[in-house]
Amino acid sequence: MVCNRFQIEGMKLLDGEMSGEEKRVYEAHVQSCEECSKELKDMGRIVQFTNELRLRKPDDEFWPNYWRGIYRRLERGAGFLLLIIGMTAVTLIAIHRAVTSPEFFTPTGIGITIALVGLAVVFLSVVRERYHEHKNDPYKGVEQ
Ligand SMILES: [Zn+2]
(Lines give C-alpha, C1' and ligand atoms only; values in the text may rest on other atoms or scores of the structure.)
Protein backbone atom coordinates (compact mmCIF):
# COMPACT_ATOMS: atom_id res chain seq x y z
CA MET A 1 0.00 0.00 0.00
CA VAL A 2 1.41 3.34 -1.01
CA CYS A 3 0.26 6.47 0.80
CA ASN A 4 1.14 9.94 -0.41
CA ARG A 5 -0.44 11.94 2.42
CA PHE A 6 2.99 12.48 3.90
CA GLN A 7 4.05 14.39 0.77
CA ILE A 8 1.51 17.12 1.53
CA GLU A 9 0.32 16.82 5.12
CA GLY A 10 3.57 15.50 6.57
CA MET A 11 5.51 18.38 5.04
CA LYS A 12 2.93 20.86 6.27
CA LEU A 13 3.28 19.42 9.76
CA LEU A 14 7.07 19.60 9.70
CA ASP A 15 6.88 23.20 8.51
CA GLY A 16 4.57 23.98 11.42
CA GLU A 17 1.75 25.03 9.12
CA MET A 18 -0.93 22.78 10.53
CA SER A 19 -3.78 23.84 12.77
CA GLY A 20 -4.56 21.89 15.91
CA GLU A 21 -7.49 20.16 14.29
CA GLU A 22 -5.50 19.18 11.17
CA LYS A 23 -2.75 17.78 13.39
CA ARG A 24 -5.22 15.66 15.32
CA VAL A 25 -6.67 14.23 12.12
CA TYR A 26 -3.26 13.56 10.66
CA GLU A 27 -1.94 11.97 13.86
CA ALA A 28 -4.87 9.55 13.87
CA HIS A 29 -3.96 8.65 10.29
CA VAL A 30 -0.23 8.27 11.09
CA GLN A 31 -1.01 5.77 13.82
CA SER A 32 -2.61 3.43 11.31
CA CYS A 33 -0.39 4.28 8.30
CA GLU A 34 3.02 2.64 8.11
CA GLU A 35 4.16 4.88 5.28
CA CYS A 36 3.54 8.19 7.06
CA SER A 37 4.72 6.89 10.41
CA LYS A 38 7.98 5.68 8.84
CA GLU A 39 8.52 8.95 6.97
CA LEU A 40 7.99 11.01 10.12
CA LYS A 41 10.28 8.74 12.13
CA ASP A 42 12.95 9.04 9.44
CA MET A 43 12.75 12.80 9.80
CA GLY A 44 13.11 12.34 13.56
CA ARG A 45 9.98 14.31 14.21
CA ILE A 46 7.41 11.78 15.34
CA VAL A 47 8.37 12.35 18.97
CA GLN A 48 7.87 16.10 18.70
CA PHE A 49 4.59 15.51 16.92
CA THR A 50 3.11 13.43 19.74
CA ASN A 51 4.59 15.68 22.43
CA GLU A 52 2.98 18.75 20.95
CA LEU A 53 -0.39 17.06 20.94
CA ARG A 54 0.03 15.87 24.48
CA LEU A 55 0.81 19.41 25.63
CA ARG A 56 -2.52 20.58 24.28
CA LYS A 57 -4.46 18.71 26.93
CA PRO A 58 -2.49 19.22 30.12
CA ASP A 59 -3.26 16.91 32.95
CA ASP A 60 -4.74 18.56 36.07
CA GLU A 61 -1.90 17.16 38.16
CA PHE A 62 0.92 17.63 35.71
CA TRP A 63 1.30 21.40 35.53
CA PRO A 64 1.07 22.28 39.25
CA ASN A 65 3.64 19.56 40.02
CA TYR A 66 5.80 20.64 37.14
CA TRP A 67 5.93 24.28 38.28
CA ARG A 68 6.33 23.33 41.92
CA GLY A 69 9.30 21.15 40.98
CA ILE A 70 10.91 23.91 38.93
CA TYR A 71 10.28 26.47 41.66
CA ARG A 72 11.79 24.25 44.35
CA ARG A 73 14.86 23.62 42.24
CA LEU A 74 15.24 27.34 41.43
CA GLU A 75 14.79 28.31 45.06
CA ARG A 76 17.45 25.88 46.24
CA GLY A 77 19.78 26.75 43.41
CA ALA A 78 19.42 30.49 44.09
CA GLY A 79 19.92 30.04 47.83
CA PHE A 80 22.98 27.93 47.27
CA LEU A 81 24.40 30.40 44.76
CA LEU A 82 23.85 33.38 47.08
CA LEU A 83 25.49 31.48 49.92
CA ILE A 84 28.55 30.75 47.79
CA ILE A 85 28.76 34.34 46.49
CA GLY A 86 28.40 35.76 50.00
CA MET A 87 31.00 33.45 51.50
CA THR A 88 33.40 34.14 48.64
CA ALA A 89 32.96 37.91 49.03
CA VAL A 90 33.49 37.79 52.79
CA THR A 91 36.56 35.60 52.38
CA LEU A 92 38.04 37.86 49.70
CA ILE A 93 37.44 40.98 51.80
CA ALA A 94 38.98 39.31 54.82
CA ILE A 95 42.00 38.23 52.80
CA HIS A 96 42.34 41.71 51.31
CA ARG A 97 42.16 43.33 54.74
CA ALA A 98 44.66 40.88 56.14
CA VAL A 99 47.14 41.36 53.32
CA THR A 100 46.91 45.18 53.40
CA SER A 101 47.00 45.34 57.18
CA PRO A 102 50.31 46.42 58.75
CA GLU A 103 49.86 43.58 61.22
CA PHE A 104 49.75 40.92 58.50
CA PHE A 105 53.30 39.76 59.06
CA THR A 106 52.92 39.46 62.80
CA PRO A 107 52.25 36.04 64.36
CA THR A 108 48.65 37.06 65.04
CA GLY A 109 48.07 38.14 61.45
CA ILE A 110 49.57 34.97 60.05
CA GLY A 111 47.57 32.85 62.50
CA ILE A 112 44.32 34.51 61.48
CA THR A 113 45.17 34.10 57.79
CA ILE A 114 45.85 30.39 58.21
CA ALA A 115 42.56 29.99 60.11
CA LEU A 116 40.66 31.83 57.35
CA VAL A 117 42.22 29.69 54.63
CA GLY A 118 41.31 26.57 56.62
CA LEU A 119 37.73 27.79 56.97
CA ALA A 120 37.49 28.45 53.24
CA VAL A 121 38.87 24.97 52.43
CA VAL A 122 36.38 23.31 54.79
CA PHE A 123 33.52 25.31 53.33
CA LEU A 124 34.48 24.46 49.75
CA SER A 125 34.81 20.80 50.59
CA VAL A 126 31.37 20.73 52.24
CA VAL A 127 29.88 22.49 49.22
CA ARG A 128 31.48 20.00 46.85
CA GLU A 129 30.27 17.06 48.90
CA ARG A 130 26.71 18.36 49.07
CA TYR A 131 26.75 19.01 45.35
CA HIS A 132 27.84 15.46 44.53
CA GLU A 133 25.36 13.94 46.97
CA HIS A 134 22.62 15.96 45.35
CA LYS A 135 23.72 14.95 41.87
CA ASN A 136 24.07 11.25 42.62
CA ASP A 137 21.04 10.78 44.82
CA PRO A 138 18.72 8.46 42.87
CA TYR A 139 15.86 9.27 45.26
CA LYS A 140 16.21 13.01 44.70
CA GLY A 141 12.93 14.71 45.44
CA VAL A 142 11.37 11.57 46.91
CA GLU A 143 10.32 11.64 50.54
CA GLN A 144 12.04 8.85 52.45
ZN1 LIG B 1 -0.31 7.84 5.29
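In this short talk I will go from the whole chain to its first helix.

Let me say at the outset that what we are looking at is a predicted model, so confidence comes before anything else, with pLDDT as the predictor's confidence in each residue. The mean pLDDT of the chain is 77, and 78% of the residues reach 70 or more. That confidence varies along the chain: among the elements, helix 2, residues 20–32, has the highest mean pLDDT at 88, while helix 4, residues 46–56, has the lowest at 53.

Now to the architecture, where the count is 6 helices and 0 strands, so that reading from the N terminus gives α-α-α-α-α-α by the DSSP runs. Of the 144 residues in the chain, buried ones make up 7%. As for contacts with a separation of 6 or more, 51% of them join residues that are 24 or more positions apart.

Let us turn to helix 1, which spans residues 5–14 and whose buried residues are Phe6, Gly10 and Leu13. Why do these three lie on the same side of helix 1? They cover an arc of only 55° around the axis, and that puts them on the same side of the helix. The general background is that an α-helix has 3.6 residues a turn, so residues three or four places apart point the same way. On the face of helix 1 turned away from that buried side we find the exposed residues Gln7 and Ile8.

Finally, just after helix 1, please look at glycine 16, which takes a positive phi of about 70°.

Conventions: Residues are numbered from 1 along each chain as its sequence is written. This is a predicted model: local features need pLDDT of at least 70, side-chain atom pairs count only at pLDDT 80 or more; totals for chains, interfaces and linings use all residues. pLDDT is the predictor's confidence in each residue, from 0 to 100. Helices (H or I, at least four residues) and strands (E, at least two) are DSSP runs, numbered from the N terminus. A residue is buried if 20 or more other C-beta atoms lie within 10 Å of its own, exposed if 12 or fewer, and partly exposed in between; C-beta atoms are placed from the backbone. Two residues are in contact if their C-beta atoms, placed from the backbone, lie within 7 Å. The arc is that of the directions from the helix axis to the C-beta atoms.
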